[in-house]
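Welcome to this guided tour! Keep the viewer open beside you, and we will go from one selection to the next.

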Amino acid sequence: AAGHVSQFYGRCSEMAKTFGLSNYRVGENAVTNASNAAKAHNRLTNSEGHRENYLDSDYEVAGFAVGHKVTYQMFAYLK
């Protein structure tokens, strides 16, 4: 993901539509070069904007993907 845009699916809203989640509002966080889950979690938690994203009480579900260079969080709630 470069600038929070997947080379395969585009922005998170486009990704959600691709996988049949067009009735959902989605948000996402991405952190690069975190060599393990603890480091990714610390970076996201220590960033005010990222922390506000994942603690938003409107979101009903969350998913996580851990890759070689990027850890990605996606959140969704029914519109």
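Before the first selection, here is a term you will need: two strands count as a pair if DSSP finds at least two bridges between them. Keep in mind, too, that you are looking at a predicted model.

**Stop 1: strands S2 and S3.** Select residues 61-66, which make up strand S2, and then residues 70-78, which make up strand S3. S2 and S3 are joined by 6 bridges and run antiparallel. Now look at the link: 3 residues lie between S2 and S3, and the two strands form a hairpin. To see one bridge up close, pick Val61, whose partner in S3 is Ala76.

**Stop 2: add strand S1.** Select residues 24-32 for strand S1. Here 9 bridges connect S1 with S3, and these strands are antiparallel as well. Zoom in on Val26, and you will find Ala76 of S3 opposite. Then move to Arg25, which has Tyr77 of S3 across from it.

**Stop 3: the whole sheet.** Show the 3 strands together. In what order do they lie in the sheet? The order is S1-S3-S2, in an open sheet with antiparallel pairing. S1 and S2 are at the edges with a single partner strand each, so one side of each has no neighbour in the sheet. Turn the view to look for the twist, which averages 15° from one strand to the next. As a reminder of what holds such an arrangement together, strands of a sheet pair through backbone hydrogen bonds.

**Stop 4: the helices on the sheet.** Select residues 37-45, helix H2, which packs on the sheet and touches S1 and S3. The direction of H2 makes about 115° with that of S1. Next, select residues 48-55: this is helix H3, lying across S1 and S3 and running at about 145° to S1. While S3 is in view, is this strand mostly covered or mostly uncovered? S3 is mostly covered, with 8 of its 9 residues buried.

**Stop 5: a patch on the surface.** Finally, select Phe8, Tyr9 and Phe19, which form a nonpolar patch on the surface. Together they have about 380 Å² of accessible area. Tyr9 sits in the segment before helix H1, residues 12-18. Why does Tyr9 count as partly exposed? Its relative accessibility is 37%, and partly exposed covers the range between under 20%, which is buried, and over 50%, which is exposed.

Methods:
Residues are numbered from 1 along each chain as its sequence is written. This is a predicted model: local features need pLDDT of at least 70, side-chain atom pairs count only at pLDDT 80 or more; totals for chains, interfaces and linings use all residues. Side-chain values use heavy atoms; hydrogens and water are left out. Helices (H or I, at least four residues) and strands (E, at least two) are DSSP runs, numbered from the N terminus. Axes are lines fitted to C-alpha atoms, for helices over the stretch in contact, and angles run from 0 to 180 degrees between N-to-C directions. Contact means heavy atoms within 4.5 Å. Buried means under 20% relative accessible area, exposed over 50%, partly exposed in between (1.4 Å probe, protein chains only). Patches are made of residues with over 30% relative accessible area and no salt bridge: like charges are joined within 9 Å, nonpolar side chains (Val, Leu, Ile, Met, Phe, Trp, Tyr) within 5 Å. Accessible areas come from the Shrake-Rupley method with a 1.4 Å probe; for residues, only the protein chains shown count as cover. A salt bridge is a side-chain nitrogen of Lys or Arg within 4 Å of a carboxyl oxygen of Asp or Glu.
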